[in-house]
Each structure stands twice: as structure tokens, then as C-alpha cells.
Amino acid sequence: MKDPDGHLLTHQPKQHPNSPATSSTPCTANICVKCGGPTSYPPPPQDSLSATSPTPMYPPIRSPAVNFPPNNSSQAIILAPVPKSRKVPTISPPYNFQSPSKRICSPDDILCFHQSDSGKNFLGFVVVLSEAIRSHKISDPCLESPVVKSIVSIIETLAQWVDEIPTVEQAARYGNVSYRTWHERLVEKSESLILRFLPDDLKASTVEIVPYFIDSFGNSSRIDYGTAYGMGVIREEDYHAVVARVFVKYLDLMRKLQLVYCLEPAGSHGVWGLDDYHFLPFIFGSSQLIDHKYMKPKSIHNEDILDNFSNEYMYLSCIAYIKKVKKGFFAEHSPFHTWNKVNSGMLKMYKAEVMEKVPIMQHFLFGWLIKCTDCLSKKPRELIDGH
């Protein structure tokens, strides 16, 4: 503020009588800040607003950043380590095959299983198969051993049964009762089918392998189907063919069963979810596309790519199948821009959303081939459930 003489004013507070003088200039209430000379113009009021009203309290423009620990499954999956491959040890005599039973009843049992060699071998085997199909099309040449060819032939036989057992008229939307007829034939013929590829010294293993084999094709009581666990007598050099020949043929059979007999998914996430029936083809399929020159994760929204390449890449086949059986806009699930990242994310998701869920793993069977550790429930789940 300026006085009539053009001086810029400021207010100088009065000093305490006992305080030492800070300047030889006589103390005045009003001085010019430019020249330091006295002025007769009245000073501006000091702290007039603070004396009449409190300081306003405004909320901050944004809250301070706080690094909270992961508190939901998505964060936990992202931060989890990628499962590692693990070669499955081969069996050797003396054999002690036994009828397998269910042992997982609680989250503690899940934790115990994952810490055991059986759990590490199982998940590690999935990673090994994923690596075996990496950057390969389904039609790429691979070693097809007699065992692989025999298993493929068995799956083709099961598919033929679907043609021989037609559906019946019923009011229920899901679960055509004709599936029970198909499943009864499976149970009746399963041992003879398994014996096609077992060597003589392993024929006694049917007591343990047959229950795994039957469970791989759904539940005849509930007439539903979830992620399957299968096994066979294979060698390391068969891994590529296990995925490209056996698993692909198995996937075709399961989709035929689902569509013909209207098998209800064991758990559905609606139009926003992945395939309600299968998870492994997303793992193997994303591995197929790693380092592909042209197809990227965003390519799944290109109808021409799906139409022309779904017969060669399982991931694209899964997307095409989802669009066939589900109605509505298909959301892009993966935030990743490379197939390597998609594959790693799928492996972590498989461990978290399949192998760490009690409602799924409670059906897992343990015997001599997949051993039950001492920390799991002592009684078979069939006895715990009373059936």
C-alpha cells in the first residue's frame, strides 16, 4: 500500500521496552519499505481475518499414498512367483498300487499338499508340458510313440460312443440323462481300455489308474464337469505329443460331451469368466504363441484370426469356443502385452484358482502313484463325508 507521497508502506511492530534496539533509527510505527523513511499514512490492519474467523479446513486434493499389503486374490496372484518346471520321477519296482482316495478337506490340507513332493511334482509337470509345446503349432511334427497313439485311439473310441448314445427329450436345461448311459459304458469298459497301452509289469496299476481315468470325464451323479486330472504311462520325449495329440483330442471330446449332453459346469463366472470347464488349454495355448511374429494377446479380438488359426492354437480355440457358448461382450482379461507374460500369469492363476481351492481339490485322489503326505487328513474323505 502506498501513501499520498508515493511511499510503499509496511507495518513495524512495537519493540518490548526491555529489548535491545536493533537500529539507530528512531522507532516509528510506519515506515516506507523502499526508502526506510517515516510516513504519516496509516498502516494496513494486521491479522484482521484470523481475528474474526477460524482458518478454513479444506480436504486435501488427494489422499496420501499408502502401500497397503495385498488384500485380494488378484493382487496375490500377480505378486506370486511363477511356478517352476519339475521332472516327474519315474516309478520302479517294487510296486504298491492301491485304490486311490480323497484326502483334502481343509485349507491346511491344501497347504500341506503344495509343500509336499506330490504337490510340487504335479504342478511342475503342468509347467513341463507347457514348455514342451512352446512356440509349436498343433500340426507341427512330433514323436508319436505307440503309447501316445493308443491313448489317442481310446479317446476316439469314447467320442464314437457319443454318436451311438443320442440325447433324450427332457425339461431340464442342463445334464441330459443320456450322459449317464455314456458314463456307465465308460466305467464298464475303462479297465479294458487302459490295458491297451500298459506293459505287462504295470497291468496291476489299473486299480489306481482307472479311477483317475473315469474322473477325467465328469460326474455321472451330478452330470457336471470341471477341470480334469488325467494320467498315462509316458516318457519325457512324449511330452510334446501328450499336449499336441492326446490333450487336444481329449479337449475335442470334452467339448463334444459338453455340447451334446449339456453338461453343467462345476462353477461358472458368467460372460466375464474364462472357459467354465477348462483351464489347462489357456496355459498350453499361451505357450504355443510365445515369440509369435504377428499374433499378440490383443489378436484374440480379431474374428479373422480366430476363424483361420483356432485349429492350430489352443488359446484361440478357447476364445472361439467361449464366444460360441456364451452370449455378450467378451472382455479382455489379460493386462499383459506379451504371450510370455500371459503364460506366466496363467500358471500363477492355475495354482491360485484351481490347485488352492478346497471345493476343487477335495476331489483330488491320492494313492501310491500320487502319494498322500502324513500331514493330510488321516481318514479318506469318503469316510469323513459319510459316503
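Buried means under 20% relative accessible area, exposed over 50%, and partly exposed in between (1.4 Å probe, protein chains only). The structure is a predicted model in which local features need pLDDT of at least 70 and side-chain atom pairs count only at pLDDT 80 or more, while totals for chains, interfaces and linings use all residues. Residues are numbered from 1 along each chain as its sequence is written, and side-chain values use heavy atoms, with hydrogens and water left out.

**Exercise 1. Classify the partners of the salt bridge between K351 and E356 by accessibility.**

Step 1. A salt bridge is a side-chain nitrogen of Lys or Arg within 4 Å of a carboxyl oxygen of Asp or Glu. The N to O distance for K351 and E356 is 2.5 Å.

Step 2. E356 has a relative accessible area of 35%, so it is partly exposed. K351, at 25%, also counts as partly exposed.

Step 3. Elsewhere, salt bridges that share partners join R235, E237 and D238 into one network.

**Exercise 2. Describe the salt bridges of K256 with D163 and of K203 with D200.**

Step 1. The side chains of K256 and D163 meet at 2.9 Å, N to O. This pair links distant parts of the chain, with K256 in helix 8 and D163 in helix 5, 93 residues apart. Helices (H or I, at least four residues) and strands (E, at least two) are DSSP runs, numbered from the N terminus.

Step 2. K256 is partly exposed because its relative accessibility is 25%; D163 is exposed because its value is 56%.

Step 3. For K203 and D200 the closest N and O atoms are 3.8 Å apart. K203 has 31% relative accessibility and so counts as partly exposed, whereas D200, with 65%, is exposed.

Step 4. A search of the whole structure finds 12 salt bridges.

**Exercise 3. Check the length of helix 6 (residues 178-194), then describe its bend and its packing.**

Step 1. The expected span of a helix is 1.5 Å times one less than its number of residues. With 17 residues, helix 6 should therefore span 24 Å, and its end C-alpha atoms are 24 Å apart, in agreement.

Step 2. Helix 6 has a kink of about 45 degrees centred on E188. The bend at a residue is the angle between axes fitted to the seven residues ending there and the seven starting there.

Step 3. The buried residues of the helix are S178, Y179, W182, H183, L186, S190, L193 and I194. They pack against helix 5 (146-164), helix 7 (206-215) and helix 8 (239-260).

Step 4. Contact means heavy atoms within 4.5 Å. Not counting residues up to four places away in sequence, W182 touches L158, W161, V162, I165, F217, L257 and Y261.

Step 5. A nonpolar core is a set of buried Ala, Val, Leu, Ile, Met, Phe, Trp, Tyr and Cys residues joined through side-chain atoms within 4.5 Å. The largest has 86 residues, and W182 and Y350 have the most contacts inside it. Helix 8 gives the most to this core, with 13 residues.

**Exercise 4. Describe the surroundings of Q288 and the backbone at S135, D291 and P94.**

Step 1. Q288 is found in helix 9 (residues 280-288). Its relative accessible area is 1%, so Q288 is buried.

Step 2. Leaving aside neighbours within four places in sequence, Q288 is in contact with I133, R134, S135, H136, K137, I138, E312, Y313 and M314.

Step 3. S135 is not a glycine, yet has a positive phi of about 60 degrees. It is found in the loop between helix 4 (117-132) and helix 5, and at 39% relative accessibility it counts as partly exposed.

Step 4. D291 is likewise not a glycine and has a positive phi of about 70 degrees. It lies in the loop between helix 9 and helix 10 (303-309); its 65% relative accessibility makes it exposed.

Step 5. A cis peptide bond joins P93 and P94, with omega about 0 degrees. P94 is in the loop between helix 2 (73-79) and strand 3 (101-102).

**Exercise 5. Which elements have the lowest and the highest mean pLDDT?**

Step 1. pLDDT is the predictor's confidence in each residue, from 0 to 100. The protein chain averages 79, and 71% of the residues score at least 70.

Step 2. Strand 4 (residues 224-225) has the lowest mean, 46, and helix 5 the highest, 95.

Step 3. pLDDT stays under 50 over residues 222-232, for which the model has 44 contacts beyond four places in sequence. It also stays under 50 over residues 62-70, with four such contacts.

Step 4. Where pLDDT is low, the predicted coordinates should not be read in detail.
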